[in-house]
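The following note sets out points for a colleague who has the sequence and the coordinates at hand. The points concern packing, aromatic pairs, charged pairs and cysteines, in that order.

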Amino acid sequence: QSELHQIDILNTKSNIGFAYFKMGQYDDALTIFQEIHAAQKTIEKHKTAGTLNRIGNVYLMKANYKDAVKCYQNALTVKNEYRQNHAEDATGIMYNLGLAFYKEGSYGKSLEQFQNCLAVKNSSGGYNEDEANTLSMMAKVHVKMGRYAEALKYFEQALDIRKKILGDEHIKTIHTMHHMGCIRCEIKELRKADEILQYVLKKKTEILGGNAPDVGKVMIDIARVEFFKKNYIQANVLCQNASQIFEKALLPDIHPYVEEVNSRMQKLQPYLNLDGGRRDSDSDSWSLHSFESQDKAEQIQK
């Protein structure tokens with residue numbers, strides 16, 4: 001009875017810790033999860049995998065990727081020890097481990113985890129959003145590695161799944177198209193990029209409203225297409241419109257969207273001061289910004 005009482009207390013503490021986590025009070029959440037982990041090692045060792053996963057999630061949000069990786073790896077060890085025949089139960093932890101490797105720049109290790117995760121999901125059959133999330137992350141890893149053709153392939157697979165289970169006009173479907181438009185621009189398929197991004201702008205405006213920061217982000221990316229087409233004035237107008245949206249939304253100067261649009265406008269100035277002349281676009285000055293500026297925090301799995 002005493003042990004059952006302890007378990008009830010741990011379950012209550014876990015709910016409190018998760019509430020702290022959702023509120024962004026990561027130090028408080030970490031303290032509680034560490035207390036739970038210490039207690040579970042003596043009475044519920046098989047449940048330590050879930051707690052280690054939660055501790056890893058806290059470290060991930062605190063940008064302590066090294067400790068996050070260690071927690072996720074230890075969680076998988078516990079899963080393997082106690083539930084060897086339930087590989088699907090470990091896919092959330094594998095996904096989080098892949099995400100931690102991605103955040104710290106270990107792209108080869110990240111890709112390996114996402115591939116393992118996808119293999120388990122494929123064996124279970126059917127389509128689900130978790131599979132689409134995994135495919136999207138694999139695409140983003142390939143973007144980081146400069147493998148744009150591979151990235152497009154995985155984004156297309158994710159897009160196909162999201163269209164089937166969420167619909168053509170769901171915001172996650174549109175987000176995926178946004179990524180694909182940015183990649184088309186990167187490989188200088190400008191007509192296709194413009195077509196995709198204009199559609200994304202229309203749909204995000206309809207879904208989120210014209211003053212939503214994500215609408216401004218699409219404007220910045222269309223400005224990038226215009227820059228490569230040497231339409232510098234139009235690119236500048238789009239950036240100014242995006243900046244106004246961010247100001248109305250009261251985004252701080254350190255917000256990724258604000259930093260990006262300020263950088264873009266600054267680099268546009270030499271091209272606007274040519275008295276109507278045209279000069280070659282400097283690709284390096286308008287390099288593809290990381291997807292973190294759009295996905296401010298990737299979705300971790302509980």
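1. A nonpolar core is here a set of buried Ala, Val, Leu, Ile, Met, Phe, Trp, Tyr and Cys residues joined through side-chain atoms within 4.5 Å. The model under review is predicted. Its largest nonpolar core holds 85 residues, and the members that touch the most others are Tyr 72, Met 219, Phe 246 and Val 261. Helix H11 (residues 213-228) supplies the largest share of this core, nine residues. As background, nonpolar side chains tend to be buried together in soluble globular proteins.

2. The surroundings of Val 261 deserve a closer reading. With residues up to four places away in sequence left out, Val 261 touches Ile 220, Cys 239, Ala 242, Ser 243 and Phe 246. One of these contacts, Phe 246, is itself among the residues named as touching the most other core members. Phe 246 is buried, and its relative accessible area is 2%.

3. Ser 243 is another contact of Val 261. Ser 243 belongs to helix H12 (residues 232-248). Is Ser 243 buried or exposed? Its relative accessibility is 13%, and the cut-off for burial is under 20%, so Ser 243 counts as buried. Apart from residues up to four places away in sequence, Ser 243 touches Val 261 and Met 265. Ser 243 and Val 258 stand 15 residues apart in sequence, while their C-alpha atoms are 7.0 Å apart in space.

4. The aromatic pairs come next. A search of the whole structure returns nine of them. In one, Phe 227 and Tyr 271 meet edge-to-face, with 5.1 Å from centre to centre and 85 degrees between the planes. This pair links distant parts of the chain, since Phe 227 lies in helix H11 and Tyr 271 in helix H13, 44 residues apart. Phe 227 and Tyr 271 are both buried.

5. A second pair is formed by Phe 246 and Tyr 257. Their ring centres are 5.7 Å apart and their planes are at 40 degrees, so this pair is tilted. Phe 246 is in helix H12 and Tyr 257 in helix H13, so the pair ties together parts 11 residues apart in sequence. Tyr 257 has a relative accessible area of 0% and is buried.

6. Ring pairs also join Phe 227, Phe 228, Tyr 232 and Tyr 271 into a cluster. One member of that cluster, Phe 228, has a charged neighbour: Lys 188 lies over the face of its ring, 4.3 Å from the ring centre.

7. The count of salt bridges comes to 19. In helix H10 (residues 190-208), Arg 191 and Glu 195 are four residues apart, about one turn of the helix. Their closest N and O atoms are 3.4 Å apart, and the two residues form a salt bridge. Glu 195 also meets Lys 192 in a salt bridge, at 3.9 Å from N to O. Glu 195 and Lys 192 are three residues apart in helix H10, so about one helical turn separates them.

8. How accessible are these residues of helix H10? Arg 191 is exposed, at 62% relative accessibility. Glu 195 is partly exposed at 44%, and Lys 192 is partly exposed at 32%.

9. The salt bridge in helix H13 (residues 256-272) should be read separately. Arg 264 and Glu 260 lie four residues apart there, about one turn of the helix. The N to O distance of their salt bridge is 3.4 Å. Arg 264 has a relative accessible area of 2% and is buried, and Glu 260 is buried at 1%. Elsewhere, Glu 169, Lys 202, Lys 203 and Glu 206 form one network through salt bridges that share partners.

10. The last point concerns cysteines. A disulfide is a covalent bond between the sulfur atoms of two cysteines. How many disulfides does the model contain? The count is zero. Cys 71 is buried, at 10% relative accessibility, and Cys 117 is buried with a relative accessible area of 1%.

Conventions. Residues numbered from 1 in each chain as written. Predicted model: local features only at pLDDT ≥ 70, side-chain atom pairs only at ≥ 80, totals over all residues. Heavy atoms only, no water. Salt bridge = Lys/Arg side-chain N within 4 Å of Asp/Glu carboxyl O. Helix = DSSP H or I, 4+ residues; strand = E, 2+ residues; numbered from the N terminus. Buried < 20%, exposed > 50% of the residue type's maximum accessible area, 1.4 Å probe, protein only. Disulfide = S-S within 2.5 Å. Contact = heavy atoms within 4.5 Å. Phe/Tyr/Trp six-rings, centres within 6.5 Å; stacked < 30°, edge-to-face > 60°. Lys NZ or Arg CZ within 6 Å of the ring centre and 35° of its normal.
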